[in-house]
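This report covers one protein chain, with attention to ring contacts, a helix and the overall fold. The sequence and structure come next.

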Amino acid sequence: MSFVNVLDRYEDFDFEAHRNDLTIDKIDTVLAKERISDTDFLSLLYPVAAHRLEQMAKKAESIAKRHFGRVVTLFTPMYISNFCENTCAYCSFARQRTIVRRQLSFEEIREETRHISESGIRHILVLTGGSRVKASLSYLSESLRIIKERFPSVGIEIYALNEEEYRLLINQGVDGLTIFQETYNEPAYHSFHRGGPKDDFHFRLEAPDRACRQGMRTVSIGALLGLAKTEEDAFFSGLHAQYLQRTYPRTEVSVSFPRIRPLVGDFVPPFPVSDERFVQVIAAMRIFLASAGITISTRESRQLRQRPAPFWCYENVRGCVDGRRRTF
Ligand code: SF4
């Protein structure tokens, strides 16, 4: 059993018919429930539910407060290499882009971690481009050993690994994995990934399973909103997180919501996501999965992030680091 089986169950599901059947009354019925089903969650993702955005936000806030209190945990990403063998159409680091390529030396990594840890941040996410040649396992192992000296919690966001490789990095002190499927729509996935190891849709989809089986403490998954229909990718992100929670109860599961931003090159997201739609998706996710972590990035505007009571519990702090935790 893997999440592929869950995806397969929806192969013939008529999303269009579900959408056409929705009314505001049906959305009100969903919002009155204590627990919602998979298809209730899907209903909350369609534009008709935006007529009840305020009610959705209130419900999401109250669930978030009950499960996580009024605290948001901050973590910061640290890119240690931007070499990449993949051709992801939406990414500035793709191998076809003409950009400056850099890989930090161990001395530079030591220096960066010192700066970041002195800012008060205690959680770090280490990122590389998708190059096994440059960001090899031995380079990663040594880098993580250095980073671990200053951070009690170290996550990775790198290329998909096999099970033994996850075990090796867990033994090195890694306790979190972030890996986004980008889109759960397989034909769309193949249209954006045409050359490189990341083209393997299923190997990537099952990466969280491999890490969980080896005892990864936290796993964060999600889709890159903008690549395919928002409601369908948000729906499958939620189902994926639910599947991981049920299958690996000892792993803490989070969902992230990256949105496509301007980049080097000429990529235009086929399904752009407005701020209002973005808030609707996060609120729906919180109502569906009360106990899952939800992460948003400081790439999102301050205005959007500084809600009196947010529905998410992690913020990915890019650039400016101003403290360990933000309390509301
Ligand atoms: S694998 Fe990662 S770094 Fe490389 S092009 Fe794709 S998204 Fe960018």
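## A phenylalanine pair

The model is predicted. In it, Phe-13 counts as partly exposed, because its relative accessibility is 27%, and the cut-off for buried is under 20%. Phe-15, at 10% relative accessibility, counts as buried.

By the ring-centre rule, the count of aromatic pairs comes to 18. One of them joins Phe-13 and Phe-15 in an edge-to-face arrangement, with 4.9 Å centre to centre and 70 degrees between the planes.

## A pair between helices

Phe-41 and Phe-235 have ring centres 6.0 Å apart and planes at 40 degrees, so this pair is tilted. It links distant parts of the chain: Phe-41 lies in helix α4 and Phe-235 in helix α12, 194 residues apart. Phe-41 is buried, with a relative accessible area of 0%. Phe-235 also counts as buried, at 0% relative accessibility.

Both pairs fall within a cluster linked by ring pairs, whose members include Phe-13, Phe-15, Phe-41 and Phe-235. The cluster also takes in Phe-3, Tyr-10, Tyr-184, Phe-236, Tyr-243 and Phe-288.

## Helix α4

Helix α4 runs over residues 38–45, and 7 of its 8 residues are buried, so the rest of the structure largely encloses it. Those buried residues are Asp-38, Asp-40, Phe-41, Leu-42, Ser-43, Leu-44 and Leu-45.

What covers the buried residues of α4? The cover includes α2 (15–20), α3 (24–31) and α5 (53–68), together with α12 (230–247) and α13 (275–288). Helix α12 is also where Phe-235, the ring partner of Phe-41, is found.

## Overall fold

The protein has 14 helices and 9 strands. Its radius of gyration is 19 Å, close to the 20 Å that the globule rule gives for 328 residues, so the protein is as compact as a globular protein of that length. The C-alpha trace spans about 60 × 45 × 40 Å along its principal axes.

Of the 328 residues, 57% are buried. Among contacts with a separation of 6 or more, 74% are between residues 24 or more positions apart; the pair of Phe-41 and Phe-235 is a link between distant parts of the chain.

## Surface and charge

The accessible surface comes to about 14700 Å², and carbon and sulfur atoms account for 50% of it. The protein carries 45 positive and 42 negative charges, and the mean positions of the two sets are 6 Å apart.

Methods. Residues are numbered from 1 along each chain as its sequence is written. This is a predicted model: local features need pLDDT of at least 70, side-chain atom pairs count only at pLDDT 80 or more; totals for chains, interfaces and linings use all residues. Side-chain values use heavy atoms; hydrogens and water are left out. Helices (H or I, at least four residues) and strands (E, at least two) are DSSP runs, numbered from the N terminus. The radius of gyration is taken over C-alpha atoms; the globule rule is 2.2 Å times the number of residues to the power 0.38. Buried means under 20% relative accessible area, exposed over 50%, partly exposed in between (1.4 Å probe, protein chains only). Contact means heavy atoms within 4.5 Å. Accessible areas come from the Shrake-Rupley method with a 1.4 Å probe; for residues, only the protein chains shown count as cover. Lys and Arg count as positive and Asp and Glu as negative; His and the chain ends are not counted. The place of a charge is taken as NZ of Lys, CZ of Arg, CG of Asp or CD of Glu. Rings of Phe, Tyr and Trp (its six-membered ring) pair if their centres lie within 6.5 Å; planes under 30 degrees apart count as stacked, over 60 as edge-to-face and the rest as tilted.
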